[in-house]
Amino acid sequence: MKSTKNSLETITHIIHHYFIWIIIASYFIAAVLPGFGIWIREVDLGGIVLLQNKIDFALPPLMLALLLFNAGLGVKTQELSQLARKPLVLFSGLSGNLVTPLAFIIGLSFIMRFWHNSEEVQHILVGLALVASMPIAGASTAWSQNANGNLALSLGLVLLSTLLSPLLTPLVLHAVGLVTKGDYSEDLHEIASDGVISFLGIWVILPSLLGILAHRLIGEHLLTNVKSHIKLVNYGILLLLNYSNASLSLPKALSQPDIDFLAILLVIVVALCAATFATGYLLAQIFRTKRQDMASLMFGLGMNNNGTGLVLVSVALADHPQVMLPIILYNLVQHLMASFVDFTLFQRGIKLKPV
């Protein structure tokens, strides 16, 4: 039994170490062999009517719900009590996570008016809107923990951004809907007005809360024994979700590559990701926080829950699969940026200004 547990922990550690490269490999497989990924999206598991709304049980949102349930299982509610000591830092982090990407996208909409292809501009703006409107990624807590960050602050940022998402997500989508055009603008306003609140409530908030409740009922001791199993399940779900979502957009993007579009998209995504990480660093300087809080702010503000964004796009914007490209690319860039920040600022112990 002990040897099995050690083997699982070893496998989990290896997967964690190489996971970004595994995701990149899954994108290449999706581009070449998209059939299974498309099948995952088309499986019909029926549905139910709840409060006069029909809820379809498709595999992607169900996998997303399981992922967030498992995230809730990992939350130690007693750690969150520490947040009462630093409410200003927490809410400033949430504000930065909202304001920075939204200001970036609105500014970008004016600059990109000079781009030669207006359809590509809409793909970029709508894709980035879905990135900016999503809650903070649960993966940010793992990066923060690896950098010896403040885990309570990391968890607080993830949980509060998730619980507030029915308010904040429509706000961002409506705002970007004002600077987009035509069908794209209509889709953003429609999603913000109707679909996104029920989607987040059913597939994001409810499973997260159920996971937290299950943690309380099961107990820390029993969960510790199955932690490696849960992590392996999470890696499998993340891999399938990324592969399935990429299957819709990458085959066309790589079979008929538009080099200038992909190049400008990469520049924009890297700039946005750098801006969000920089906002976390700037807030740490403003509040003169400890190094642990700086790590939590930087990883929290720099990483969004793009899995939720991709599932939402596949459900609500299936007629615009190219909108997925900015989200897919941002998902890769945020992990590469997190790795760079972790190595340069925290693991190598580079001297920063005293905080």
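Contact, on this tour, means heavy atoms within 4.5 Å. Keep that in mind as you click around, and remember that the model is predicted.

**Stop 1: Asn234 and helix α3**

Select Asn234, which is found in helix α12. Leaving aside residues up to four places away in sequence, Asn234 touches Leu67 and Asn70. Asn234 counts as buried because its relative accessibility is 17%, and buried means under 20%.

Now colour helix α3, residues 59-73. The buried residues of α3 include Leu67 and Asn70, along with Pro60, Pro61, Met63 and Leu64. Draw a distance between the end C-alpha atoms of α3 and you should get 21 Å, which agrees with the span expected for 15 residues at 1.5 Å a residue.

**Stop 2: where α12 meets the start of the chain**

Stay with helix α12, residues 227-255, and pick Ser228. Is Ser228 buried or exposed? Ser228 is buried, because its relative accessibility is 12%. Its contacts beyond four places in sequence are Leu8, Glu9 and Thr12. Next, add Thr10: its C-alpha lies 9.2 Å from that of Ser228, although 218 residues separate the two in sequence.

Move on to Ile11, in helix α1 (residues 2-32). Ile11 is partly exposed, at 42% relative accessibility. Show Leu232 as well; from C-alpha to C-alpha, Ile11 and Leu232 are 8.5 Å apart in space and 221 residues apart in sequence.

**Stop 3: the nonpolar core**

In soluble globular proteins, nonpolar side chains tend to be buried together. Here the largest nonpolar core has 92 residues, and the ones with the most contacts inside it are Leu130, Phe277, Phe299 and Phe346. Helix α16 (residues 324-347) gives the most to this core, with 12 residues.

Zoom in on Leu130. Which residues does Leu130 touch, not counting those up to four places away in sequence? They are Leu173, Leu188, Gly309, Leu312, Val313, Leu317 and Ile327.

**Stop 4: an enclosed space**

Rolling a probe the size of a water molecule over the atoms shows where empty space is left. In this model, the count comes to one cavity of 30 Å³ or more, and the largest cavity has a volume of about 100 Å³. Helices α5 (87-111), α6 (118-133) and α9 (165-177) each give two or more residues to its lining. The most come from α9, with four residues.

To see the lining, select Leu94, Asn97, Leu98, Ala132, Ser133, Met134, Pro135, Ser161, Ser165, Leu168, Thr169 and Val172. Colour them by class and you will find seven nonpolar, five polar and no charged residues.

**Stop 5: α13 and two positive phi angles**

Show helix α13, residues 259-286. From its first C-alpha to its last, this 28-residue helix reaches 40 Å, close to the 40 Å expected. Just after α13 comes Arg288, with a positive phi of about 50°. Arg288 sits in the loop between α13 and α14 (291-302), and it counts as exposed because its relative accessibility is 58%.

For the last pick, go to Asn148, in the loop between α7 (139-146) and α8 (151-163). What is the phi of Asn148, which is not a glycine? Phi of Asn148 is positive, at about 60°. With 60% relative accessibility, Asn148 counts as exposed.

Conventions
Residues numbered from 1 in each chain as written. Predicted model: local features only at pLDDT ≥ 70, side-chain atom pairs only at ≥ 80, totals over all residues. Heavy atoms only, no water. 1 Å grid on protein atoms, 1.4 Å probe; cavity = no way out; pocket = protein on both sides within 12 Å on 5 of 7 lines; lining within 4 Å. Points joined across faces, edges and corners; volume = space filled by probe spheres on them. Nonpolar A, V, L, I, M, F, W, Y, C, P; charged D, E, K, R; others polar. Buried < 20%, exposed > 50% of the residue type's maximum accessible area, 1.4 Å probe, protein only. Expected span 1.5 Å × (residues − 1). Core = buried A, V, L, I, M, F, W, Y, C linked by side-chain atoms within 4.5 Å.
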